[in-house]
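Hi,

Here is the structure I promised to pass on. Have a look at it first, and then read my notes underneath.

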Amino acid sequence: MRHLLIACVLAGPARAETCPDAPDHSAELSRLIDAAQAAPDEAAGRALSDEMWALWAEAPDARAQGLLDEAMARRESYDYDAAMAAAEALVAYCPDYAEGYNQRAFIHFLREDFEAALPDLKRTLELQPRHVAARTGQALTLHALGRNGEAALALREALALNPWLGERHLLPVLEQGEEEL
């Protein structure tokens with residue numbers, strides 16, 4: 001009951017309001033991906049990842065931003081029920097905003113509900129194919145499910161966008177599972 005109340009409060013009053021389109025950062029994202037691919041070292045690559053995160057985390061409007069910020073803050077404080085309520089409200093309000101699905105997938109992952117994370121990661125990547133973090137999340141989720149061959153493919157796709165990801169060290173382990181494919 002408490003979580004339903006939280007979801008209702010976070011969703012705000014019932015309105016005929018619709019979520020506007022997410023900001024178009026495609027040119028800036030292309031620049032950051034190019035820079036990450038040419039980065040001289042891991043520190044530079046990670047700094048560029050942080051800049052990518054800033055783009056993905058810019059919600060379409062103030063209401064969506066509040067829901068996203070609430071989901072992330074609740075997740076970071078391990079209040080996964082409240083985080084999920086905020087992520088659900090965000091996805092309901094902004095069904096075409098990739099980061100809502102990515103955050104919901106991350107909450108599922110942290111709850112170890114890996115199967116539930118996969119459709120949200122898929123939707124994130126449909127909406128934002130160059131979402132490096134979602135590709136990495138997909139690899140980690142597939143790995144947690146023991147699907148290492150698929151995980152290796154997903155991680156390679158992420159590393160093609162940013163070769164400096166911390167998860168790159170997992171690739172040799174995942175590649176052993178590719179023989180299954």
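Below is what I found, going from the whole chain down to single residues.

First, a caution: this is a predicted model, so please read everything here in that light.

**The chain overall**

The protein chain has ten helices and zero strands, so you can guess the pattern along the sequence: α-α-α-α-α-α-α-α-α-α. Of its 181 residues, 44% count as buried. Taking the contacts in the chain with a separation of 6 or more, 62% come from residues 24 or more positions apart.

**The disulfide**

There is one disulfide in the structure. It joins cysteine 19 to cysteine 94, with the sulfur atoms 2.0 Å apart. Cysteine 19 sits in the loop between α1 (2-11) and α2 (26-37), while cysteine 94 sits in the loop between α5 (80-93) and α6, so the pair links distant parts of the chain, 75 residues apart. The link is right-handed, with 90° about the S-S bond.

Are the two cysteines buried or exposed? Cysteine 19 has 18% relative accessibility, and because the cut-off for buried is under 20%, it counts as buried. Cysteine 94 counts as buried too, at 2% relative accessibility.

**Helix α7 and its neighbours**

I spent a good part of my time on α7, which covers residues 114-127. How well does the length of this helix agree with what its 14 residues should span? At 1.5 Å a residue they should span 20 Å, and the end C-alpha atoms are 20 Å apart, so the two agree.

The buried residues of α7 are Phe114, Ala117, Leu118, Asp120, Leu121, Thr124 and Leu125. The spacing is what you might look for in a helix: with 3.6 residues a turn, residues three or four places apart point the same way. As for what they pack against, the partners are α6 (98-110) and α8 (132-144).

Take α6 to begin with. Its axis and that of α7 come within 8 Å and cross at roughly 160°. Since an angle over 145 degrees counts as roughly antiparallel, that is what α6 is to α7. On the α6 side, the contact is made by Ala98, Tyr101, Asn102, Arg104, Ala105, His108 and Phe109; on the α7 side, by Phe114, Ala116, Ala117, Asp120, Leu121, Arg123, Thr124 and Leu127. The crossing is left-handed.

Now for α8. The axes of α7 and α8 come within 10 Å, and they cross at roughly 155°. That makes α7 roughly antiparallel to α8. Here, too, α7 passes its partner in a left-handed crossing. The α7 residues involved are Phe114, Ala117, Leu118, Leu121, Thr124 and Leu125, and they meet Ala134, Arg135, Gly137, Gln138, Thr141, Leu142 and Ala144 in α8.

If you want one residue to centre your view on, try threonine 124, which lies in α7. It is buried, with a relative accessible area of 0%. Leaving aside residues up to four places away in sequence, threonine 124 touches Ala98, Tyr101, Asn102, His131 and Ala134.

**A few loop residues**

Two residues caught my eye for their backbone angles. Tyrosine 78 has a phi near 65°, a positive value in a residue other than glycine. Its place is the loop between α4 (62-76) and α5, where tyrosine 78 is exposed, with a relative accessible area of 63%.

Glutamate 112 is the other one: phi is positive at about 65°, although the residue is not a glycine. You will find glutamate 112 in the loop between α6 and α7. With a relative accessible area of 61%, glutamate 112 is exposed.

Last on my list is aspartate 21, in the loop between α1 and α2. Is aspartate 21 exposed or buried? Its relative accessible area is 71%, so it is exposed. Aspartate 21 is also 38 residues from alanine 59 in sequence, with the C-alpha atoms of the two 9.0 Å apart in space.

That is the tour. Over to you.

Cheers

Note on methods
Residues are numbered from 1 along each chain as its sequence is written. This is a predicted model: local features need pLDDT of at least 70, side-chain atom pairs count only at pLDDT 80 or more; totals for chains, interfaces and linings use all residues. Side-chain values use heavy atoms; hydrogens and water are left out. Helices (H or I, at least four residues) and strands (E, at least two) are DSSP runs, numbered from the N terminus. The expected span of a helix is 1.5 Å times one less than its number of residues. Buried means under 20% relative accessible area, exposed over 50%, partly exposed in between (1.4 Å probe, protein chains only). Contact means heavy atoms within 4.5 Å. A disulfide is a pair of cysteine sulfur atoms within 2.5 Å. Axes are lines fitted to C-alpha atoms, for helices over the stretch in contact, and angles run from 0 to 180 degrees between N-to-C directions. Angles under 35 degrees count as roughly parallel, over 145 as roughly antiparallel, 65 to 115 as roughly perpendicular and the rest as oblique. A crossing is left-handed if the near helix is turned anticlockwise from the far one by less than a right angle, and right-handed if clockwise.
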